Amino acid sequence: MSLTNFLAGGNLPTGNPTTKVTVPALSEMKRQLKPISALTAYDYATARLVDEAGIDLILVGDSLAMVVMGHENTLSITVDEMLHHTRAVRRAVRRALVVADMPFGSYHGTIAEGVANAVRFVKEAGAEAVKIEGARVELVAALTAAEIPVVAHLGLTPQSVHRMGGYRVQAKTAEAAMRLKADALALAEAGAGAVVLEGVPREAAAAITAELTVPTIGIGAGPECDGQILVFHDLVNLSFSPQAKFVRRYADAASLFRGAIERYREDVEHRAFPNDAESYHLPKPELAQAKTA
Ligand code: KIV
């Protein structure tokens, strides 16, 4: 183990599939200029693929409300639903840091309620950090004091869709960019282990990334962020929504799955599935008996 890795608690991801990624290791990756890869996952099978591919951080995002459950926005997903999906992901993951999104309403009341809900994600579902949207500095401090690592989320925060009047790029003026930077610094000062920057100008994200000691993880925030995150379903074309400017599609799972499903249907309709090799048979003596009976 290198000295830097030792100082990072031996937990600096090395590409070794068994080196567990931790929240402190993310900051060490930033110091070493090692880009952080992050993706969402919401179920066991996908989380296994994402983890085995060496992605550093897996977010059980509340985007599942839209891409898995077909809701119009993320607002209706509940704590119990998020816990259910977080448990499935946690069972699959060996190496990546598992971060659970706190859903809308679960941290918008008192600080004590926010902490109590976050405790559920750690205790009942095995999350290793929680993500919360907005400049909730007091809550981040309280969660940190409660030993719960926090990933903050600033910029285009989907839970604020009604306040923002839609999903719009944020911090487009110099003044708003300064406010965004002040919020990011305050959240890091309060203990946030990383800051997701979504839908903000590249220049604003770059300036924040340069000032923070904790990593920024961008989505629609340009290449200077310390890491990048995408919604898994956008990456593989399974989200049934128009492609956003910042999304790069790495596969066309919709076409792949459609093709497989259509071939299966045709085989069933033509009695080409299952064939003899895909069928169970009586053992030979039983077969002979059956024939003579
Ligand atoms: O819910 C989610 O998927 C997210 C990412 C887009 C950052 O919050």
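User: Where do the C-alpha centres of domain 1 and domain 2 lie, and how far apart are they?

Analyst: The C-alpha centres of the two domains, domain 1 and domain 2, are 46 Å apart. Keep in mind that this is a predicted model. As for the bounds, domain 1 covers 3–251 and domain 2 covers 256–292 of the protein chain.

User: Okay, on to the ligand. Which residues surround it?

Analyst: Here "surround" means a heavy atom within 4 Å. On that basis the ligand has Thr40, Leu59, Gly61, Asp62, Ser63, Asp101, Lys131, His153, Ile219 and Val231 around it. Sorted by class, that shell holds four polar, three charged and three nonpolar residues.

User: How do I pick out polar contacts, and which side chains have an N or O atom at such a distance from an oxygen atom of the ligand?

Analyst: Look for N or O pairs within 3.5 Å. Serine 63 has a polar side-chain atom 2.5 Å from a ligand oxygen. For lysine 131, a side-chain N or O atom sits 3.0 Å from an oxygen atom of the ligand, and for aspartate 101 the corresponding value is 3.1 Å. As for cover, the ligand on its own has 250 Å² of accessible area, and the protein covers 96% of that.

User: What kind of space is taken by the ligand?

Analyst: The ligand takes up the largest pocket.

User: Now the backbone. What should I expect for phi and for peptide bonds?

Analyst: Most peptide bonds are trans, and most residues that aren't glycine have a negative phi. Now for the cases here that go the other way. Glutamate 147 is not a glycine, yet its phi is positive, about 70 degrees. You'll find glutamate 147 in the loop between helix H7 (137–145) and strand E5 (150–155).

User: And which residues does a cis peptide bond join?

Analyst: Phenylalanine 273 and proline 274 are joined that way, with omega at about -5 degrees. To find proline 274, go to the loop between helix H12 (253–269) and helix H13 (284–292).

Terms used:
Residues numbered from 1 in each chain as written. Predicted model: local features only at pLDDT ≥ 70, side-chain atom pairs only at ≥ 80, totals over all residues. Heavy atoms only, no water. Polar contact = N/O pair within 3.5 Å; in protein donor to acceptor, adjacent residues only side chain to side chain. Areas by Shrake-Rupley, 256 points an atom, 1.4 Å probe, with all protein chains shown as cover. 1 Å grid on protein atoms, 1.4 Å probe; cavity = no way out; pocket = protein on both sides within 12 Å on 5 of 7 lines; lining within 4 Å. Sits in = over half its atoms within 2 Å of the grid points. Nonpolar A, V, L, I, M, F, W, Y, C, P; charged D, E, K, R; others polar. Domains from an automatic or database assignment. Helix = DSSP H or I, 4+ residues; strand = E, 2+ residues; numbered from the N terminus.
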